[in-house]
Structure formats: C-alpha cells, structure tokens
Amino acid sequence: MMIPACRLADLPRGEALRLDIDPPVSVFHTDDGELFAIDDTCTHQDASLADGWLEGCEVECPLHASKFDLRTGAVDAPPAKLPVRTHDVLIEDGMIYVRVSTDAPNLPPCVAARLAGGPA
Amino acid sequence: MRTVAVVGASLAGLSAARSLRKQGYDGRLVVIGDEPHRPYDRPPLSKEFLAGGIGEADLALETDGEDLRAEWLLGARATGLDRTRRAVRLADGGEIRADGLVIATGAAARQLPGSDGLAGVHVLRTLDDARALRDDLARGGRLVVIGGGFVGAEVASTACALGLEVTVVEAAPTPLAGPLGQAMGGIVSALHLDHGVRLLCGVGVKGLGGERKVDAVLLEDGRSIPADIVVVGVGARPCVDWLEGSGVILENGVKCGADGRTSLAGVVAVGDCASWYDPRAGHHRRVEHWTGAQERPAAAVATLLAGGAVEPGVPRPPYFWSDQYGVKIQFAGHAADADSVTVEEGAPDDRNVLAVYRRAGRPVAVLGMNQPRLFTRWRKQLAAAS
Ligand SMILES: Cc1cc2nc3c(=O)[nH]c(=O)nc-3n(C[C@H](O)[C@H](O)[C@H](O)COP(=O)(O)OP(=O)(O)OC[C@H]3O[C@@H](n4cnc5c(N)ncnc54)[C@H](O)[C@@H]3O)c2cc1C
Ligand code: FES
C-alpha cells in the first residue's frame with residue numbers, strides 16, 4: 001500500500017507528520033535531511049512517537065523515554081521491549097509517499113485490544 | 001578490572017549491568033539483589049498492575065533471551081562493604097570480592113510507626129507489596145491513603161476506578177507542593193475531587209485504629225476516618241544502611257559526583273539511592289525517578305571503567321511522569337528553583353495544561369497534563385537552555 005503523506009516542502013527538518021491510518025504511521029524528517037517512516041504508536045503504551053524527541057536517527061518516546069532507531073525500528077532500552085515497524089519512504093515530484101510494511105505491527109496491548117474491537 | 005559487583009537488582013542495577021557489557025567490560029559480573037525476583041518495573045505497581053490490567057510477566061525489565069553473562073545472586077542481601085578487602089558481605093555469611101562496585105540499592109517505602117502487624121495496612125514499593133494490596137483492593141471497601149504524593153495519588157486513582165470509596169489524607173496544605181509548587185500542586189491534586197475522592201489536607205495522622213485489622217485512621221485534629229484498607233504513601237528512604245562504616249560517604253543517600261563516583265575509588269552509585277552532584281544547581285540532589293535510574297548508569301559505568309578519567313556530560317534535567325485518573329502528568333526540571341509559573345497552554349479547570357516554571361525569566365521546569373507533544377518541545381528546550 002502506497003500512501004501520499006505530504007509535500008516535502010511542508011515537512012521541515014526536525015519535524016514529524018502522523019498519518020492517521022490504522023495503525024498510524026509517522027514520517028520523520030531528520031535534522032540531516034533524511035526521511036524515515038515508522039509505526040507511530042510506541043510498543044510500550046499508547047503514545048504517539050510523532051510527539052517524541054527527535055535526535056539524529058532516533059526518536060525518544062514522549063512518555064517513558066525508550067528510544068527507537070528510525071532506520072531499523074529497534075528499541076534501545078526499557079520500558080518498551082519490541083521494535084516498531086519501519087516503512088519505505090519515496091519522494092516523487094516533491095511529494096512524500098510511504099509504502100506501508102506488510103509485517104504485523106508490534107502494538108502495545110491496550111491499543112491492540114482496541115483495534116481488535118475489544119475493550120480499550 | 002576482573003570482577004564487578006552490582007548491588008541492587010532492579011532498574012538501576014540492570015541498567016548498570018547492561019552498560020558494563022555495552023561499554024566493553026568482559027570480566028566477571030555479579031548482580032546481587034535481596035528480592036527473589038528478576039528485575040521488574042515498579043511504575044505499573046500503582047497503575048496497570050494494581051488495576052489488574054497487566055500481569056507479572058509484563059513487569060519484566062529484561063527482554064526475551066537477553067544474556068548479560070552475569071551471575072545473579074537473588075534473595076541475597078548485602079549487609080556490609082569491606083573497603084580494604086574490597087568485599088561485599090552478604091546476609092548468609094558469604095561475600096563477593098570485586099575490584100569494581102556499583103551501588104544500586106534504591107529506596108524503601110517509609111512505614112508508619114506502630115502499624116506493624118495490623119492487617120489491611122500496606123505500603124507500595126515492591127511486587128510483593130503490590131500483590132498484597134491488589135488482593136485487598138479486590139475485596140472492596142473503604143480505602144484511606146495516607147500521603148498525597150505521586151504514589152499515593154496513583155493508588156487513589158486506581159482504587160477509585162476499581163469502585164472503592166477513597167479518602168486521601170495529606171499533612172501539607174497542598175499535596176505535591178514539594179515537587180510541583182503550590183499552584184500546580186493544587187491543580188494536579190484537584191483531580192481527586194473531580195473523581196469523588198475525598199481529600200483532607202493540612203492534617204497529620206496520629207495513628208491507626210483497630211485490633212488485629214485496621215478499622216480507622218486517627219487524625220491529629222481528633223477525627224477518626226473509618227477504613228477497611230490503609231495505604232501508607234509517605235515517601236521512601238534510600239537503602240544505604242548496609243554501607244555504614246564502609247568509608248562511602250552518606251548524605252541523604254550515597255553522596256556522589258556528577259559522574260556517579262563516590263568517596264571510594266572503584267565504587268559508583270546510581271538510581272534512587274544516589275545523591276548526584278548537580279552541576280547546574282551547584283549542589284547534590286537525590287532524585288527518585290525512573291528515567292534517571294535508567295539513564296545515569298551509563299555515565300557511572302564509564303567512570304568506573306575509566307578509573308574516573310572521563311569528563312561527565314551534563315545530564316538532562318530530571319524527568320518523571322505519573323498517570324492519575326486517566327490524565328498523563330509529566331514534569332521536568334526543578335520547581336523549587338522557580339520564582340514564577342505560568343500556564344502557557346490549556347485550561348487548569350479542564351486539567352489540561354502546559355505550565356512553564358521560570359527563574360528570572362529563564363525556564364527551569366515544565367509541567368504537562370495531557371500535553372505530551374508540547375511537553376516534549378519544552379523538555380528539549382529546557383535541556384538545551386542549561
Ligand atoms: C509504586 C511506584 C510507582 C512509581 N511510578 C513512577 C512513575 O510513574 N514515574 C517515575 O518516573 N517513577 C516512578 N517510580 C519510581 C521508580 O520506580 C524508581 O525511581 C526506580 O525504581 C528506581 O530504581 P532503582 O533501581 O534505583 O531502585 P529500586 O527500584 O528501589 O531497586 C533497588 C533494589 O535493590 C534492592 N536492595 C536494597 N537494599 C539491598 C541490599 N542491601 N542488598 C541487596 N539488594 C538490595 C531492593 O530490594 C530493590 O530490588 C515509581 C515507584 C514506585 C514504587
Ligand atoms: S509509552 Fe513509549 S516508552 Fe512507554
């Protein structure tokens with residue numbers, strides 16, 4: 001699935017854009033000008049990584065400070081234990097597109113239950 | 001260095017053990033912890049775990065298949081440190097000799113004098129505490145929480161959601177005034193009232209009523225508050241008694257430098273038991289927050305491995321979070337340093353605020369209630385400013 005995100009010009013360096021698909025995906029524009037897309041929901045609890053602290057190729061979860069590597073999705077330290085999915089980013093005619101991974105996402109239990117239609 | 005012993009097998013101890021391996025230490029690594037459990041996460045003990053939303057397996061701090069090549073001595077309490085023989089004495093009479101030592105013994109919940117042996121009275125620090133409290137809460141009834149600090153407030157919030165009748169008793173006029181200041185302490189603690197939890201401030205506790213089982217909390221003004229369950233949430237004290245006489249200087253915990261070094265060579269301290277020198281403030285501070293216990297061991301371990309020959313970086317301002325009544329509370333910096341606090345975003349009445357604390361116009365702390373995005377921005381700015 002290829003999803004148009006926004007115009008490259010509309011996503012300044014150091015900023016992130018959340019795409020409200022299910023589950024949400026975020027595109028990060030690093031200070032060095034690289035673009036990455038990962039699942040937006042932290043694997044620990046229901047936090048949006050687009051709200052997090054972007055530094056280099058890492059984003060720190062806004063709640064409990066686990067850091068995710070934007071290139072690999074790997075997590076550095078607890079409380080989160082599982083990586084996030086990474087997605088391919090393409091730029092065509094100044095537009096950013098995300099090709100959403102077909103792997104199963106690592107959603108935190110509370111969010112997984114909600115998406116499955118169970119109790120939040 | 002051939003042997004490093006880490007005393008304390010919780011967040012700071014595990015983080016130190018991980019940092020040792022990550023920084024290339026290849027020798028013998030012994031982790032000593034007095035609880036029988038593998039390292040587990042404490043914040044959920046007053047929240048999801050207490051509410052029954054997650055189980056014990058979810059508390060594990062180690063990842064599946066993680067192997068630090070460490071010897072884990074669990075259920076083993078350190079009782080002393082012999083500096084000349086460089087040995088940690090254990091309660092069972094054994095000892096561990098080590099060239100390097102990481103002190104990570106954390107803090108223990110303060111008890112209420114005279115509450116010993118009275119059923120229905122709890123503190124909350126360990127997994128065993130949380131199990132016992134969870135079982136009691138499941139029976140329902142009237143809960144009185146003594147102490148309106150973060151752990152007390154979280155227990156009140158969780159118990160309220162479980163349907164118990166809850167009262168919080170706080171000796172100070174405003175709960176959380178210490179960490180958050182009067183104004184914001186008042187706004188955050190008003191969450192209790194919003195949810196029908198009774199909050200009694202400015203009154204001390206004289207004692208507990210009941211024979212074998214608690215039945216009331218007796219206040220200093222003569223009132224008696226009926227109770228089926230009592231949680232004592234009056235803070236924690238650093239677990240450093242075992243270091244008395246060892247030559248490690250103790251002053252509100254283990255006194256250590258900005259790089260974690262203590263007064264003894266080859267000994268560093270991390271986590272809730274450690275009072276680190278804060279170069280910004282120019283004095284020592286002991287901070288009891290998760291993020292510091294997780295992050296600082298990397299610096300302390302670097303100090304240990306380099307024999308003190310590394311320059312410590314300036315740590316980020318302390319940060320903690322709390323979840324109460326469904327509101328995400330976040331705080332970074334030091335409220336006590338501020339001469340003003342202003343709400344920059346949101347409305348106090350909606351319990352949705354981003355407040356910035358300033359000293360002479362410069363931001364020194366920030367509080368967020370349900371404002372993770374803005375909070376992160378300010379937290380970043382705070383770190384850059386200092
Ligand atoms: C209920 C609860 C909720 C919390 N919620 C939050 C939160 O929402 N946000 C936040 O930022 N922080 C929170 N905290 C604080 C956070 O959990 C602590 O800052 C953190 O656990 C500190 O880690 P530590 O390893 O330094 O100490 P500890 O976790 O206290 O671990 C120290 C370990 O050392 C062991 N030990 C002690 N003495 C000895 C000895 N002599 N020999 C051997 N072992 C010994 C102890 O048994 C313990 O296992 C919470 C704490 C509690 C109790
Ligand atoms: S929600 Fe991301 S680390 Fe906890």
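Mentor: A polar contact is a pair of N or O atoms within 3.5 Å; within protein, one must be able to donate a hydrogen and the other to accept it, and residues adjacent in sequence count only if both atoms are side-chain atoms. The model is predicted, so local features need pLDDT of at least 70 and side-chain atom pairs pLDDT 80 or more, whereas totals for chains, interfaces and linings use all residues. Residues are numbered from 1 along each chain as its sequence is written, chains are lettered from A and ligands numbered from 1 in written order, and side-chain values use heavy atoms without hydrogens or water.

Trainee: What makes the approach of D272(B) to ligand 1 a polar contact?

Mentor: A backbone N or O atom of D272(B) lies 2.8 Å from an oxygen atom of ligand 1, and the pair therefore falls within 3.5 Å. Side-chain N or O atoms also approach ligand oxygen atoms, at 2.6 Å for K47(B) and at 2.8 Å for S10(B).

Trainee: How much of ligand 1 does the protein bury?

Mentor: Ligand 1 taken alone exposes 990 Å², and the protein buries 94% of that (Shrake-Rupley method, 1.4 Å probe). In chain B, α1 (11-22), α4 (150-161), α7 (290-295) and β22 (319-324) are the elements that give two or more residues to the shell around the ligand (DSSP runs: helices H or I, at least four residues; strands E, at least two; numbered from the N terminus).

Trainee: Which residues surround ligand 1 most closely?

Mentor: The surroundings hold 33 residues, each with a heavy atom within 4 Å of the ligand, and the closest are D34(B), E35(B), R42(B), K47(B) and R125(B).

Trainee: How many residues do chain A and chain B bring to their contact?

Mentor: With heavy atoms within 4.5 Å as the criterion, 18 residues come from chain A and 25 residues from chain B. The area buried between the two chains, that is, the accessible area (1.4 Å probe) lost on being put together and summed over both, is about 1800 Å², and carbon and sulfur atoms give 50% of it. W53(A), P78(A) and K81(A) supply 35% of the area that chain A buries against chain B, more than any other three residues.

Trainee: Why is the pair of D51(A) and R373(B) called a salt bridge?

Mentor: The term asks for a side-chain nitrogen of Lys or Arg within 4 Å of a carboxyl oxygen of Asp or Glu, and the closest N and O atoms of D51(A) and R373(B) are 3.6 Å apart, so the pair qualifies. Three salt bridges cross this interface, as do nine residue pairs in polar contact, both residues being at pLDDT 80 or more. On the side of chain A that touches chain B, β2 (15-19) and β5 (53-55) of chain A are the elements that give two or more residues.

Trainee: What does the salt bridge of D88(A) and R99(A) tie together?

Mentor: Their side chains meet at 3.4 Å, N to O. D88(A) lies in strand β8 (residues 86-92) and R99(A) in strand β9 (residues 95-99) of chain A, so the pair ties together parts 11 residues apart in sequence.

Trainee: What is the peptide bond that joins P78(A) and P79(A), cis or trans?

Mentor: That bond is cis, with omega about 10°, and P79(A) lies in the loop between β7 (67-69) and β8 of chain A. The bond from D22(A) to P23(A) is also cis, with omega near -5°. Most peptide bonds are trans.
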